[in-house]
2 protein chains.
Amino acid sequence: MSHTSREIQLASRPQGDPKPDNFRLVEVEVPDPGPGQLLVRNQWMSVDPYMRGRMNDVKSYVPPFALDAPLEGGAVGQVAASGDERFSQGQTVLHQLGWREFALVPADQARPVDTDLVPGSAYLGVLGMPGLTAYVGLLDIAQLREGDAVFVSAAAGAVGSAAGQIAKLRGCWTVGSAGSEDKVAFLKEELGFDAAFNYHDGDARTLLSQAAPDGIDVYFDNVGGEQLEAALFSLRTYGRVAMCGAISVYNATTPPPGPRNLALVVGKRLTLRGFIIADHFDRFPDFAREVGGWVAEGKFRYRETVVEGIERAPEAFIGLLEGQNTGKMVVRVG
Amino acid sequence: MSHTSREIQLASRPQGDPKPDNFRLVEVEVPDPGPGQLLVRNQWMSVDPYMRGRMNDVKSYVPPFALDAPLEGGAVGQVAASGDERFSQGQTVLHQLGWREFALVPADQARPVDTDLVPGSAYLGVLGMPGLTAYVGLLDIAQLREGDAVFVSAAAGAVGSAAGQIAKLRGCWTVGSAGSEDKVAFLKEELGFDAAFNYHDGDARTLLSQAAPDGIDVYFDNVGGEQLEAALFSLRTYGRVAMCGAISVYNATTPPPGPRNLALVVGKRLTLRGFIIADHFDRFPDFAREVGGWVAEGKFRYRETVVEGIERAPEAFIGLLEGQNTGKMVVRVG
C-alpha cells in the first residue's frame, strides 16, 4: 500500500530574497516502510534561517538542497507504520525529513519525544535545536559567567528567546533587540529581559548604548551587520561574541561590508567565535536536563508562530526571514 | 649637576598620517637621579605601531600621550648615574622612557639586559616586546598546533618575522605577506617562510589562495583590512585568528569597512581573538627560554632597520607606518 503525500520541492535557487515560485508543491506516493524504516505522518515541521544557506549552490557546512527534490529539516510526527521493532504505531518522533506530509524515515534517525508536558512542536524549538543552540552558544562558545551583561539580537526568535532566558536564569543581566514594538514588549514582559529595543528605531549603536549604558560582556549574535558593529562598540574588555548566524545578510546578493570597528577586537581583547550546533550534539543531555527542567517548572516561556498547512510552508519560511515570527516559526502540517 | 638632553615631544595630534610637524625636538636639563632613580643615557629607542593609537586623544588600553610632553616607549641605555644600589654605573638596562637622550628612570621600571650575545637593540625587538607578542599570539591566542598552516601579515616586521620563525620552529607550514619584493625575498630566503607574497601584487584573496592553495589554520593578523578578509576566505574549519593589530587602519580618519565575509566565521567555526601584550608579561620567562635559546643557537634570524639620531625618531616612526622597515625599526639615540 502506498500513501499519497504532498511535499515541497525546491524548484529554483533564490536570488536574494526567496520568492514563492522558488518552491513547488508536489503530490507523490510514499510506500510502506521497509525493514529499519518508519513511515511518519508529520504533524509539525520547522522552518529555520540556516535553510536559506542550503538553498544556494555553494559548499558550506551542510550540503546544498537539491533542485526538484523535497526540502529537508526538523519535523515531528506520529509513526503511521513501523518497520523497526523499537518503534510502534502512534508513537511521536522527531526526525529530519520535514517539508512533506508523509516521511519514510530511517529508524536510526528518529528519536521518540514525550508530548505529555509540551506539544510536539516544542521539540523543534525550545527543547530542540534552537534551544540547544542558545544553550551551547552562551555556555560553551561565549563562556557565560554569572553577572555578565548579555546582549541577544533577534531576541524574539526561537534561538534568541531561549538565549535571553538561559542568561537570565543563569544570573545575568540581559538586553535584547527585535524588529517591532510588540516583540519588544514580549521580550520585557514575557521573557524577562532587563532591557530591549526595536532596531528600527534608530542606529543600532545608539540604541544599544542607551539600552545598556554600562556596556555588555557577551553578545549572542543572530544577525550580523549593524548590530554586530554596535555590539563591538558596547563590549567591555575581554568580551565574548558567540556568532550563531547572520540573518541580516542571508539574502544578500552582494557581500555587505563588515563592521567598521573590528579593530576594537584588539584593544578590548575580544573573542569572536562562530559555531554550528551539529558540532555540539553531545551537550544535548545537559541541555535537556537544565532547560527541560526549567520548562517543567514553568520558569521558561516559549511562544510559537504557527502557520497552518504544508502548502504554506514556503510562506512561513519567507516570513521567517522577514521577521514575521515571534518565538519559533513552525508549520502545522496536518 | 644636570645633563643637557634632547627629547621628542608631541607638538600636535596627527590627523590621519602623522607628519614631521606633529613632533618637536626640545632641549631640556635632566637632573642627577634621586633615591630609587637611575639616570640612563639611551643608546637605542623603539618605534612601534601601537604608538600611533596613543597619539590620538581617545581612551584605549593605554592612555594617550600628553601634548607638549616627551613621548614614551621602549629604550635601552647605560646607567650614567645610579640612585639605587641594585644598579651600577655602566650597566645596560631596558626601560620605557624612550624618545629622549637622557632618561630619569624609576629603578623598579628598569631591567638589566645582557649584551654579550646580542646588541642591546635586540631587547627592543626579537628578545623584547615584539618577540613576546609573536610568541603569545601564536601559542596562547591562536593555540598553535604542530602541522598548522600559518599565515602572517606584515611578516617582515618585528612581530611578523618572529611569528613566522616561531611557527616554523614549532613544526608548522608558513606563508607571509609583505610590501616589497625585497621583503618577500627576505621572508623566503632568510626567515624560512615556505611561501610569501607581496600584497601590492594584486588582490589579497587571490594572492593568499595562490600562495597557500590548501588553506590556512591560523592567521596572525598585524594589519586588518583586506588581508584579514583574504584570511577569512582561506581559513579552514576551526581556524584561529590572533588579532594583534591593524596597521592598515591606524591612520584612517574615517572608519574603513570591515571584512565583507565575516559571516564565514559561523560556518567555518572560526575563532578571532584580540590581545594586548601587556596582559601576558607572565609568559616572558617561557618566551625568553625558548626564543632566547633559538637565538643563542643561531636558529633564529632577526634584522633591524636602524635610523641614526634622536632628531630622526619622528621620521623613523612615520617610516614604520609606511612599511619602510625590514625587521625591527629602531633609532640609535647616541
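So, what turn and what shift along the axis lay chain B on chain A? The turn is 180 degrees and the shift is 0.0 Å, and the RMSD comes out at 0.0 Å. That is the relation of a two-fold axis. One thing to keep in mind from the start: this is a predicted model.

A bit of background for anyone new to this. Two copies of a chain are related by a rotation about an axis and a shift along it. And which residue of chain B comes closest to that rotation axis? That would be Gly258(B), with its C-alpha at 1.9 Å.

Okay, on to the place where the two chains touch. On the chain B side, 30 residues are in contact with 30 residues of chain A. The elements of chain B that give two or more residues to this side are α7, residues 264-267, and β13, residues 271-274. Strand β13(B) has the largest share, with four residues. If you sort the chain B side by class, you get 17 nonpolar, eight polar and five charged residues. Now, why do we say that the copies meet through the same surface? Because 100% of the interface residues of chain B are also interface residues in chain A.

Let's zoom in on β13. Strand β13 of chain A, residues 271-274, pairs with β13(B) in the antiparallel sense, over three bridges. For one pair to look up on your screen, try Thr271(A), which stands opposite Arg273(B).

That pairing sits inside something bigger. There is an open sheet of 12 strands with mixed pairing. Let me walk you along the order: β10(A), β9(A), β8(A), β11(A), β12(A), β13(A), and then over into chain B with β13(B), β12(B), β11(B), β8(B), β9(B), β10(B). So which strands stand at the edges? Those are β10 of chain A and β10 of chain B, residues 195-198 in each. Each has a single partner strand, so one side of each is left without a neighbour in the sheet. On average, neighbouring strands of this sheet are turned by 15 degrees against each other, if you ignore direction.

Let's stay at the chain B end for a moment. Strand β9(B), residues 173-178, runs parallel to β10(B), and four bridges join them. Ala178(B) has Asn198(B) in β10(B) as its bridge partner. Helices pack on the sheet here too. Helix α3 of chain B, residues 158-169, touches β8, β9 and β11 of chain B, and its direction makes about 165 degrees with that of β9(B). Then there's helix α5 of chain B, residues 204-211, which touches β8, β9 and β10 of chain B, with a direction at about 160 degrees to that of β10(B).

Chain B has other paired strands to look at. Strand β3(B), residues 37-46, runs antiparallel to β4(B), residues 75-82, and seven bridges join them. In that pair, Leu39(B) stands opposite Ala81(B). Strand β4(B) is also joined to β5(B), residues 92-95, by four bridges, again antiparallel. There, Ala75(B) has His95(B) as its bridge partner.

Now over to chain A and its domains. Chain A is divided into domain 1, which is 2-123 plus 303-332, and domain 2, which is 129-278. Taken over C-alpha atoms, their centres are 28 Å apart. The contact between them takes 15 residues from each domain. On the domain 1 side, helix α1 of chain A, residues 50-54, gives the largest share, three residues. That side divides into four nonpolar, eight polar and three charged residues.

Last stop, a pair of helices in chain A. Helix α2(A), residues 129-141, packs against helix α8(A), residues 284-296, at an angle of about 100 degrees, and their axes are 10 Å apart. That makes α2(A) roughly perpendicular to α8(A). Which residues make the contact? From α2(A) you have Gly131(A), Leu132(A) and Tyr135(A), and from α8(A) you have Phe284(A), Phe287(A) and Val291(A). By class, that's five nonpolar residues, one polar and no charged ones.

Technical notes: Residues numbered from 1 in each chain as written. Chains lettered and ligands numbered in written order. Predicted model: local features only at pLDDT ≥ 70, side-chain atom pairs only at ≥ 80, totals over all residues. Axes fitted to C-alpha atoms, helices over the stretch in contact; angles between N-to-C directions. Parallel < 35°, antiparallel > 145°, perpendicular 65-115°, else oblique. Contact = placed C-beta atoms within 7 Å. Nonpolar A, V, L, I, M, F, W, Y, C, P; charged D, E, K, R; others polar. Pairing = 2+ DSSP bridges. Domains from an automatic or database assignment. Least-squares fit on C-alpha atoms with pLDDT ≥ 70 in both.
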